[in-house]
Every structure is written in C-alpha cells, then in structure tokens.
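Biologist: Let us go through this structure by question and answer.

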Amino acid sequence: MNRKSLSQIVSGTCLSAGLLFTHVGIANADNWFPYPVEVWKPAFDMESPRSAENYTPQESAASAWDICVSFPHLKDAYWTSVNYGVIDEARRLGVKVQLVEAGGYTKLNNQISQIEDCVSSGAEAVVIGAISFDGLNNLVGTLAEKNIPVIDIVNGMSSSDIHAKSLVSFGEMGFKAGEYIAERHPAGSDPVKVAWFPGPPGAGWVEAGNAGFQKAIQGSAIELVETKYGDTGKEVQLKLVEDTLEAHPDLKYVVGTAVTAEAATGLLRARGLSDDINIVSYYFTPGVYQGIRRGQILAAPTDSSVIQGRIAIDQAVRILEGKPYSKHVGPKLYVIDESNINDFEKTTSLAPDGYRPTFSVDQ
C-alpha cells in the first residue's frame, strides 16, 4: 500500500459507539504515515480546539541524535507497544536511543535519577512517559535551562517547559469507555452495578481518565459502587477485583485499565462468572485484543500507542534540527469491539507478535 492511499482509507463507523474509526495498512516503519491525528491549538491545554490532520514524519534525521526515552515501567504490553514505536522509528530516522524504565508508578525518584544519568551520558533530547503529573517539573525545568528539549509522551505532565506532547486525552479515553456502557444502560432502564479501576493514584492519565469516565456515566442507569486505585501490576489489580467481587456479588461490570481487564478475565472464568459480569478496558493491549476476539471483553478505546511512540521520536528530531513541528498531537481515538475487531490495523496499537522490549538503538 502506498503512502497516499494509507491516509485515505476510512472504513465505516463503529455502530455500537457511534464513532468513526480509521482502518489503515500495516503500520511498519516504511508505510505507517501519513497517519490521522488530532492537533491541539493552543498546545498543552487539553480543552483547546483540535483540528484533524494527517501526520507525516521526516524521511530521515540530519544527524544520529542521541535521544533518552524514559518509561514508568515495562510490566505490561501497553508500554511494550510504545517501546516498539519508539525503537522502530528511531531506526527508520537513523538516530540513537537510550531507553530506561523506572520499575513502576511508585518509583518517581528512580525515573528522575535515570533521566539525569541519561543526560549525563550525552542525551540531546528526552522523551518522558511520566510517573507523576507534577513530580518531574523541577527536572524538566533544569533540562530546559540546559537547552535539552523534553517531549511528553502518553501520560502527561504539567510543566510549562515541555517542548512537545505526543499523547491523547485520557479523559476522552475514560469518557469513551463510560459512554460505551452508558449507551447500553440509559436513564430509565434497570440499574446496573459497576466497579471502576482507573489505575495508579496521582498519575496524570489516571486522574484524567477518571474524570472522563465519571462524566460519561452521569444520567445513565449505572450505579458506580466502587472506584479503586492501584498500580498496574497484575497482582495488584487482581487483588482489587477480588476484593470488589467479595463486597459486591451482584456486580455487572468491571471497567478499568487493560491490566484490570486481563486479570478480571481469568478470575471471572475461574469463578464461573464470565456470563454474569462484563469487562471493559479504557485502553488497548494484546490481552484486550484477544479478549475482545474471544468474547471475554466487551470493548476498549485505542489510542494507537505505537503511533504515539513514533511521533514522539519524530518531534524530538524536528526540534533538535530546528524544523517545524506539531507541539501537541495525538492519534484519533476510536473504540474497538466485536463489530470491528477484525477490521482495524492492530500494528498501530500493538507491537508485533514475539517483540521483546528493546533498550537501545545505535547508529
């Protein structure tokens, strides 16, 4: 498929959620672009107006720039997908990458020290998937004083010293998950009990996702009986779901992180509750993909995590080379369920089968 046709193929609507989704060809390094995105103007305000555009990266970098990439962890497949996008795009553009992961959402000091070490070893730009919305602001300010650009990827940061954002509205992600079940249970229908697991407390994406979800279910027949925060490790999420099932045996929905959804799938099956309780994730991973295909998970919005990784690397290169760039950009969101699970191009959201996290690219 050539690059012109890639941006032009749009297939139908997701009728269950009333959402337009994009179906594109295989999103490898050679033909992932142009890609449909939304651009916020003014930048860095999630409430700003958005324009629909097609994102096209550079053909190659002018120099083998050294870019540091910092993730909260690589404990789940979501960040593996972002890792794939970052690494594959770095190879395509011809730049170097040092990638570090802090080990979890309780390890803010780890993330800060890892980034400091990266810069000390020669990094010329930093891409950060932040553990905390506010907790890295001093570090970002210090990097700005050193003329080291920072790109905010996926999670969101509040610093005004950031150069670019490659991320979507997790408020909208949460909203779409809530909207999906609210449309199934509108006001006036029989009430249904829902438990909500937004993720680690204090993370910017979690607070945004929670606000969006809560807004979407207002005025529906949904009774939100629990909101439980916790790290996105599988054991943590499994324990949260187990405790909730004990407290609410008449629960009808488990909605939350992809790790929550994957943990709940096995737990409900083991307890013979798969036909009684529905599962919805508010983002997309291989486990969620398989769960939807098998009828174990109802739905999940996708933020095209691979593409976010690709765009962040291109933004970093453009900034280092003094070229025009989109300051605040994220892939168009759409919901995946049984109606379109076999039609969308999964390589925009998932790493290839068998891919393992990669921590460096040398040129």
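**Packing of α6, and a disulfide**

Biologist: Against which elements do the buried residues of α6 pack?

Modeller: This is a predicted model, in which local features need pLDDT of at least 70, side-chain atom pairs count only at pLDDT 80 or more, and totals for chains, interfaces and linings use all residues. Residues are numbered from 1 along each chain as its sequence is written, and side-chain values use heavy atoms, with hydrogens and water left out. Among the residues of α6 that are buried (under 20% relative accessible area, 1.4 Å probe, protein chains only) are W205, V206 and F213. With contact taken as heavy atoms within 4.5 Å, the buried residues of α6 pack against α5 (170–184), β10 (192–199), β11 (222–229) and β12 (253–256).

Biologist: What does α6 reach from its first C-alpha to its last?

Modeller: Helices (H or I, at least four residues) and strands (E, at least two) are DSSP runs, numbered from the N terminus. Helix α6 covers residues 204–217, 14 residues. The expected span is 1.5 Å times one less than the number of residues, here 20 Å, and α6 comes close to that with 21 Å.

Biologist: Which residues form a disulfide?

Modeller: A disulfide is a pair of cysteine sulfur atoms within 2.5 Å, and the count by this rule is 1. The sulfur atoms of the pair are 2.4 Å apart. The partners lie 50 residues apart, in strand β5 (residues 66–71) and helix α3 (residues 108–120). Both are buried, and they are C68 and C118.

Key:
Buried means under 20% relative accessible area, exposed over 50%, partly exposed in between (1.4 Å probe, protein chains only).
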